Amino acid sequence: MSCPTLHIQGLHWSPHSGGQPLLEGIDLRIGAGEFVGLIGPNGSGKTSLLRCAYRFNRPCAGQVHLDGEDIWQRNPRWVAQRIAVMLQEFPEDFGLSVRDVVAMGRTPHLGWFDGDGDASLIDDTLARLDLLPRALDAFICLSGGEKQRVLLARALVQQPRLLILDEPTNHLDPRFQLALLQQLRSTGLSLLASFHDLNLAAAFCDRLYVIDAGRIVAHGTPGQVLTEQCLAEVFGVQALVDRHPLASHPRVTWISPA
Ligand SMILES: Nc1ncnc2c1ncn2[C@@H]1O[C@H](COP(=O)(O)OP(=O)(O)OP(=O)(O)O)[C@@H](O)[C@H]1O
């Protein structure tokens, strides 16, 4: 296999130096253009692991390599030029327009004296995500779904190698969930996203990692990972898993607490 875009090896992380690790022995890899999902119960460590992947949480052991380079041997700007992050938190409102928020994605690439660099890239990205008509609107006035699209545009103008998303479909109605995930897939970027909706993860991800109590307990294609036994053991829920009637990926129907 060629050099993975992201390669996490033997990672341990604790919020307190010398404390009990909350993440233990994590191994995870993402190939070029692969969409990898991270699933697990509340408090299992998904956000903590994503933070390790984008150089926010410093591991106490193990490595995080991006395109073969140890991200902790590089400065934050180097990482920001290569990894974009879409979180659930929206930018504070300082009267920013949609275009202002998208332009913020260029920040890691700008020199001290550059202005609103790469105007055409910003405009092209706004057009691609149907945001041009809203470009001058105040970001704060948008709906949750529109804000998500603006944050995706901001991430895309960053021109990253890897896009990391923490529960990207939260707060979105079904149409916006599907539209966002289709747009993500169409970027061709390497993607790492956490999900609570396992059916969306099954429909859009190439591979899934299952995390439980800070450890990866399963990984593979959605068909390999989303078994009734795994869902009972990890989520404590009895589920029926069958094949989606219109596609080849599995479909999860929750039944009752296991
Ligand atoms: N900086 C921190 N200091 C102390 N504890 C932390 C810190 N960050 C995370 N934790 C703890 O680590 C555990 C995992 O949290 P994390 O947010 O990574 O889980 P999660 O899987 O993303 O949860 P959810 O699905 O509910 O969002 C939790 O018990 C949380 O309280």
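The exercises below work through a predicted model, covering its open sheet, one helix, one residue and the ligand shell.

Residues are numbered from 1 along each chain as its sequence is written. In this predicted model, local features need pLDDT of at least 70 and side-chain atom pairs count only at pLDDT 80 or more, while totals for chains, interfaces and linings use all residues.

**Exercise 1. The sheet**

Task: state the order of the four strands in the open sheet and identify the edge strands.

Solution.
Step 1. Helices (H or I, at least four residues) and strands (E, at least two) are DSSP runs, numbered from the N terminus. Two strands pair if DSSP finds at least two bridges between them.
Step 2. The strand order is 2-1-4-5, and the pairing is antiparallel.
Step 3. Strand 2 (23-30) and strand 5 (69-70) are the edges, since each pairs on one side only.
Step 4. Strand 1 (residues 6-13) is joined to strand 2 by five bridges; one partner pair is W13 with L23.
Step 5. Strand 1 also pairs with strand 4 (residues 61-66) over five bridges. Here H12 has A61 as its bridge partner, Q9 has Q63, and I8 stands opposite V64.
Step 6. Strand 4 and strand 5 are joined by two bridges, with E69 as the partner of L66. Their hairpin has two residues between the strands, and D67 there takes a positive phi near 50°.
Step 7. Helix 1 (residues 46-53) lies across strand 1, strand 2 and strand 4, at about 120° to strand 1. Such angles run from 0 to 180 degrees between N-to-C directions, with axes fitted to C-alpha atoms, for helices over the stretch in contact.

**Exercise 2. Helix 5**

Task: compare the span of helix 5 with the expected span, and determine how many of its residues are buried.

Solution.
Step 1. The expected span is 1.5 Å times one less than the number of residues. Helix 5 (residues 144-157) has 14 residues and reaches 20 Å from first C-alpha to last, close to the expected 20 Å.
Step 2. A residue is buried if 20 or more other C-beta atoms, placed from the backbone, lie within 10 Å of its own, exposed if 12 or fewer, and partly exposed in between.
Step 3. Ten of the 14 residues of helix 5 are buried, so the helix is largely enclosed by the rest of the structure. Among them are Q148, L152 and V157.
Step 4. The buried residues pack against strand 6 (83-86), helix 3 (98-103), helix 4 (119-128), strand 7 (162-166) and helix 6 (174-186). Contact requires C-beta atoms, placed from the backbone, within 7 Å.
Step 5. Just after helix 5, Q159 has a positive phi of about 50°.

**Exercise 3. Y209**

Task: decide whether Y209 is buried or exposed, and list its contacts beyond four places in sequence.

Solution.
Step 1. Y209 belongs to strand 9 (residues 207-212).
Step 2. Y209 counts as buried because it has 26 C-beta neighbours inside 10 Å.
Step 3. Its contacts, leaving aside neighbours within four places, are L28, V36, L38, I216 and H219.

**Exercise 4. The ligand shell**

Task: classify the residues around the ligand.

Solution.
Step 1. A residue is near a molecule if its C-beta atom, placed from the backbone, lies within 6 Å. The shell includes P15, L22, G40, N42 and K46.
Step 2. By class, the shell has two nonpolar, seven polar and one charged residues. Ala, Val, Leu, Ile, Met, Phe, Trp, Tyr, Cys and Pro count as nonpolar, Asp, Glu, Lys and Arg as charged, and the others, Gly among them, as polar.

Note on methods. Contact = placed C-beta atoms within 7 Å.
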